[in-house]
Amino acid sequence: GMRRASAKIGWALCLCASLSVCLQDDPEDAERTPDLIPEDGGAGPAAETPLSCCGAGILQGGARHLWTRVFQAAWRMPGQYLVILQRDTHESQVQRSIRRLRARAARRGQPVELLQTFSGALRGFLVKMSREALQLAVKLPHVHYIEEDSSIFAQSAPWNLQRLLRPYGDDGGMAEVYLMDGSVQSTHREVEGRVLITDFNHVPEEDGVRVHRQVSQCDSHGTHLAGVVSGSDSGVARGAAVNLVRVLNCQGKGTVSGALAGMEYIRVSLQARPADALVVLLPFIGGFSRSLNTACRDLVSHGAVVIAAAGNHRDDACLYSPASEPEVITVGAVNSADQLMSQGAGGSNFGRCVDVFAPGDDIVSASSDCSTCFTSRSGTSQAAAHAAGIAAVILSSNQNVSPVQVLQMMLHHSIRNTINLLPLPETQRLNTPNLVAKLTPPCHSLADQELLCRSVWSERSGRDRGDMAVSRCRQGEEMMSCSSVAPDGARAGEAITCVAHNGPSGHGVYAVARCCVAAGLRCQPYAGSEPGWVAQCVDSQQHLSGCTSHSTAELLSDSRSHPGHRRHCLAREIVTSQAVCCHASSLECHLVCRGLIPYLLLSGLFLQVELSCLPGWTLTDCKAVSEGSIVVEPVAKDNSCLVRGAAGENRTAGVAVCCRVTPQRDPETKAN
Ligand SMILES: [Ca+2]
C-alpha cells in the first residue's frame with residue numbers, strides 16, 4: 001500500500017531518488033526505492049510525455065523524464081524497451097551496461113534478451129525484459145532515458161481508381177531518395193531500373209496465425225509510393241533514384257526500433273558514399289517517440305532532407321512521430337480541390353507540426369498487381385511522397401542547398417490560402433499552414449537570390465503566470481522577428497530562440513518566430529539598455545527587421561513595443577525593448593503602419609486591419625501598437641499581418657516590416 005502511494009505522490013521525488021542511485025551505482029539501493037515505472041493502464045506521467053516533450057516545447061522545471069512510451073495504448077509494445085544512453089557514452093560502456101543489466105536481472109531470476117545495439121545517432125540497446133528488470137535498467141549508469149518500443153504504420157489506404165495523374169515535367173535526376181517502407185516491385189514498368197532494394201530488412205512478424213500472404217500485397221504500399229516519387233508516368237521526380245530500406249511488414253506495420261535501425265543503416269551508407277542530394281522519405285507514423293525524432297534530426301544534420309507523413313488520424317500531428325520533429329518536413333494531405341483529405345472517421349493530421357500540405361487523396365500510381373498495373377490510393381504517405389519528389393527536383397536544379405533551404409523554397413512556391421481550415425478545432429486554425437506544395441517552376445533557381453521566411457509556432461504555454469512558450473528557427477535560418485516577448489534573445493552564433501510569456505490572467509501564449517534564409521543573412525538582437533529605453537540597430541549596415549519587448553517588473557498582456565522609426569524600437573516605461581537587426585548584401589526593409597478599421601464578423605463588431613507586403617517583399621514582423629489596454633492579436637500568416645482588436649478602441653494600429661533582397665544583376669547584362 002505504502003509503496004504504491006509513494007509512487008503516486010511524488011514522481012519528481014522518485015526520479016531524484018533514482019538519479020542519486022545512479023550516481024552511487026549501488027545495486028542494493030535499488031531494493032529500497034519505490035517502483036519507477038507505472039503499471040499498464042495507470043495514469044502515470046508517461047501519458048503526458050508526448051505533450052511536454054513535443055517539438056518546440058514549454059519550459060517546465062522539475063523532473064527529468066527517464067521513462068517514456070507512446071500516448072496511444074494500442075501501439076505500445078510492453079516488454080520491449082529501448083535503453084538510450086547519454087550521447088557521449090563510449091562503446092565499451094554500452095557493452096558494460098548490457099552486461100551489468102543482465103547480471104543484476106539474473107540475480108533476481110529475470111531474463112534479459114538483447115535484440116539490438118545502437119551506435120549511430122543514438123547510443124543504446126533494445127532489450128526484451130520484464131517490468132521488474134526495467135526497474136533495474138532505469139538505475140543503470142549513463143542512462144539518458146528508456147523508451148518502450150512501439151508500432152509504426154504506413155499511412156495510405158486503397159481508393160477507387162478514377163483518374164490518372166497528369167505527369168509533371170521535371171526529373172530530379174541528381175537526387176537519391178531513401179524510402180523506408182515495406183517492399184517495392186522493382187520490376188514494375190513505372191520504376192524499373194530506378195529502384196534499388198537494399199539488403200536492410202527489419203520488420204515484425206505479421207499479426208494473426210493464418211495470414212494469407214500475397215507477395216503483391218507486401219509490395220503494394222511501397223510500389224505505389226516509389227511510383228509517386230519517380231514513376232515514369234505518375235512520378236513527380238522521374239529521374240530520381242529510389243533506395244528501399246525495409247522497415248514495414250506486409251501489413252504496413254513496423255516498430256520504432258526497426259525504423260531506428262533503418263536510419264542507422266542509411267547513416268552508415270552515407271558515411272561510406274556521401275550523396276549531394278539526399279531525401280529520406282518516412283511514409284509511416286507512430287506515437288510520439290523521442291528516439292525516433294532524435295534519429296531524424298541527426299540525418300538532417302548530415303545534410304539529408306527528411307520528409308514524413310503527417311498521419312491519417314485527423315488529429316494534431318505533434319502527437320505523433322516522426323511527424324512531430326521540427327527538423328523534419330511534415331506533410332499533410334489534400335484532395336484535388338485543395339481541401340483536407342478525409343477518410344471516413346480519419347483524415348489528414350494538422351497543426352503547427354505540419355509544414356505543408358500536398359496531394360494525397362485519390363492518387364494514381366504503380367500497382368503491384370502486375371508490372372503495368374496502376375491503382376489509386378490516398379493518404380499522407382502519398383502526400384509525403386509528392387513532397388519528396390518536389391524536394392528531389394529542387395535539390396537537382398540547385399547546387400548546395402541545405403535541407404532548410406529546400407523547405408523554404410517548397411513553401412515559397414506553394415499554393416496559398418485554398419484550404420478551408422474552419423472544420424479544424426479553433427486552436428489549430430491559427431497555426432496550421434494554409435499551403436499546398438507544388439513543383440518549382442523549371443529553371444527557376446531561387447536559392448541564395450531571395451529572402452524567404454516562414455512562421456514557426458511554439459506549443460501553447462501553460463496558463464499559469466510566468467509560463468513560457470519557446471519557438472526556435474531551424475539550423476541555417478535567422479530569426480528576423482519574434483511576435484511575442486523575448487527576454488534573452490540570442491547571441492550571434494548560438495541557437496536563436498523566441499520566447500513568449502503568459503500574462504497574469506492569460507490563457508496561454510504562443511511564441512511565433514519569423515525564420516528566414518538569404519545569402520549571407522545575419523541577424524542580431526540589440527536590447528535597450530534600460531526599461532523604457534529605445535532599442536536600435538547600431539551598425540549602419542544593418543536593417544531593422546523586427547521589434548520584441550518584455551517586462552521583468554510586470555508581465556503585461558499589452559507590452560508590445562513597435563518599430564517607431566526605420567532603425568528604432570520604442571518602448572513604454574517599464575518595458576525592455578529589443579531590436580532585431582539584420583545584414584545581407586542588398587537587403588532593404590521598410591515599415592507599413594495603418595490604424596484599425598471597423599469590421600463586422602458573425603460574432604459582432606471588431607476592429608481589424610490586414611497589412612500585406614508588396615510583391616517581391618517578404619513580411620518579417622507583425623505587431624499591434626496600442627495606447628489603450630485592450631487585447632490585440634497580431635498574427636503573421638504567410639506574407640500578411642492581421643491585427644484585430646475589440647470595438648471601441650481606436651488608438652490601435654498594425655505595424656508590419658517588409659524586407660527584400662534585390663536579386664544581383666548579372667554584370668554582363670548590366671554592361672549591355
Ligand atoms: Ca517541420
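## Strands and their partners

Welcome to this predicted model. Strand β2 (residues 76-85) and strand β5 (residues 143-154) run antiparallel and are joined by six bridges. β2 also pairs with strand β4 (residues 123-128), again antiparallel and through six bridges. A handy residue to find here is I84: it stands opposite Y145 in β5, and it also stands opposite G124 in β4.

Further along the chain, you can look at another group of strands. Here β23, β27 and β25 form an open sheet in the order β23-β27-β25, with antiparallel pairing. Why do β23 (452-457) and β25 (478-482) each have one side without a neighbour in the sheet? Both stand at the edges and have a single partner strand each, so one side of each is left free of a neighbour in the sheet. From one strand to the next, the twist averages 30°.

Within this sheet, β23 and strand β27 (residues 512-517) run antiparallel, and six bridges join them. To trace this pairing by eye, start at C453, whose bridge partner in β27 is C516.

The strand pairs described with their bridges can be set side by side:

| Strand | Partner | Bridges | Direction |
|---|---|---|---|
| β2 (residues 76-85) | β5 (residues 143-154) | six bridges | antiparallel |
| β2 | β4 (residues 123-128) | six bridges | antiparallel |
| β23 | β27 (residues 512-517) | six bridges | antiparallel |

Finally, which helix lies across β23 and β27? That is helix α10 (residues 403-412), which runs at about 100° to β23.

Key:
Residues numbered from 1 in each chain as written. Predicted model: local features only at pLDDT ≥ 70, side-chain atom pairs only at ≥ 80, totals over all residues. Pairing = 2+ DSSP bridges. Helix = DSSP H or I, 4+ residues; strand = E, 2+ residues; numbered from the N terminus. Axes fitted to C-alpha atoms, helices over the stretch in contact; angles between N-to-C directions. Contact = placed C-beta atoms within 7 Å.
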